[in-house]
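These exercises ask you to read a protein model step by step, with a worked solution after each task. Please look at the sequence and the structure before you begin.

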Amino acid sequence: MWKAHEVTPAESTEAIEDIGAVWYEPDPASKSGFTSRVVGYSHSRVRVLCVIVLPIDDGYEGINAWPANSTYRRIYREAQDDD
């Protein structure tokens with residue numbers, strides 16, 4: 001899946017670690033209810049990304065990532081304006 005969306009694990013890590021990232025816990029689109037959705041900025045990609053993560057022990061495992069659509073870019077931008 002990573003390759004299909006052309007997002008690298010390093011880019012998705014940047015988005016997850018973005019201090020302004022918006023977290024949805026659990027991901028509202030998750031069928032299992034176990035994953036979270038993170039909308040954050042990747043500096044190396046120069047884009048807002050949506051990243052699906054699975055909480056494990058004391059961290060997260062990346063499951064999938066893709067460039068954010070206009071809705072998620074707006075959500076991210078509005079979250080930054082609120083700070």
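**Exercise 1.** Describe the salt bridge between Arg 37 and Asp 27, and state whether each of the two residues is buried or exposed.

Solution. The side chains of Arg 37 and Asp 27 form a salt bridge with an N to O distance of 2.9 Å, where a salt bridge is a side-chain nitrogen of Lys or Arg within 4 Å of a carboxyl oxygen of Asp or Glu. Next, place the partners: Arg 37 belongs to strand S2 and Asp 27 to the loop between S1 and S2, so that the pair links distant parts of the chain, 10 residues apart. In this naming, helices (H or I, at least four residues) and strands (E, at least two) are DSSP runs, numbered from the N terminus. Finally, Arg 37 counts as buried because its relative accessibility is 9%, and Asp 27 is buried as well, with a relative accessible area of 6%; buried means under 20% relative accessible area, exposed over 50%, and partly exposed in between (1.4 Å probe, protein chains only).

A note on the source: this is a predicted model, in which local features need pLDDT of at least 70 and side-chain atom pairs count only at pLDDT 80 or more, while totals for chains, interfaces and linings use all residues. Residues are numbered from 1 along each chain as its sequence is written, and side-chain values use heavy atoms, with hydrogens and water left out.

**Exercise 2.** How many salt bridges does the structure hold, and which residues form a salt bridge with Glu 11 and with Glu 78?

Solution. The structure holds three salt bridges. One of them joins Arg 45 to Glu 11, with the closest N and O atoms 3.2 Å apart; this pair links distant parts of the chain, since Arg 45 sits in the loop between S2 and S3 and Glu 11 in helix H2, 34 residues apart. Arg 45 is partly exposed because its relative accessible area is 21%, whereas Glu 11, at 13%, is buried. Arg 74 pairs with Glu 78, the closest N and O atoms being 3.5 Å apart, and because these two residues are four residues apart in helix H3 (residues 70-82), they are separated by about one helical turn.

**Exercise 3.** Work out the order of the strands in the sheet and say where helix H2 lies.

Solution. Begin with the order, which is S1-S2-S3-S4 in an open sheet of four strands with antiparallel pairing; two strands pair if DSSP finds at least two bridges between them. The edge strands, each pairing on one side only, are S1 (22-24) and S4 (59-67). Then look at S1 and S2 (residues 36-42), which run antiparallel and are joined by three bridges; Arg 37 in S2 is the bridge partner of Tyr 24. Helix H2 (residues 9-17) lies across S1, S2, S3 (47-56) and S4, and runs at about 100° to S2 (axes are lines fitted to C-alpha atoms, for helices over the stretch in contact, and angles run from 0 to 180 degrees between N-to-C directions; contact means heavy atoms within 4.5 Å).

**Exercise 4.** Which element gives the largest share of the largest nonpolar core?

Solution. This core has nine residues, including Val 7, Ala 15, Val 38 and Leu 49, and a nonpolar core is a set of buried Ala, Val, Leu, Ile, Met, Phe, Trp, Tyr and Cys residues joined through side-chain atoms within 4.5 Å. H2 and S3 are the elements that give two or more residues to this core, and the largest share, three residues, comes from S3.
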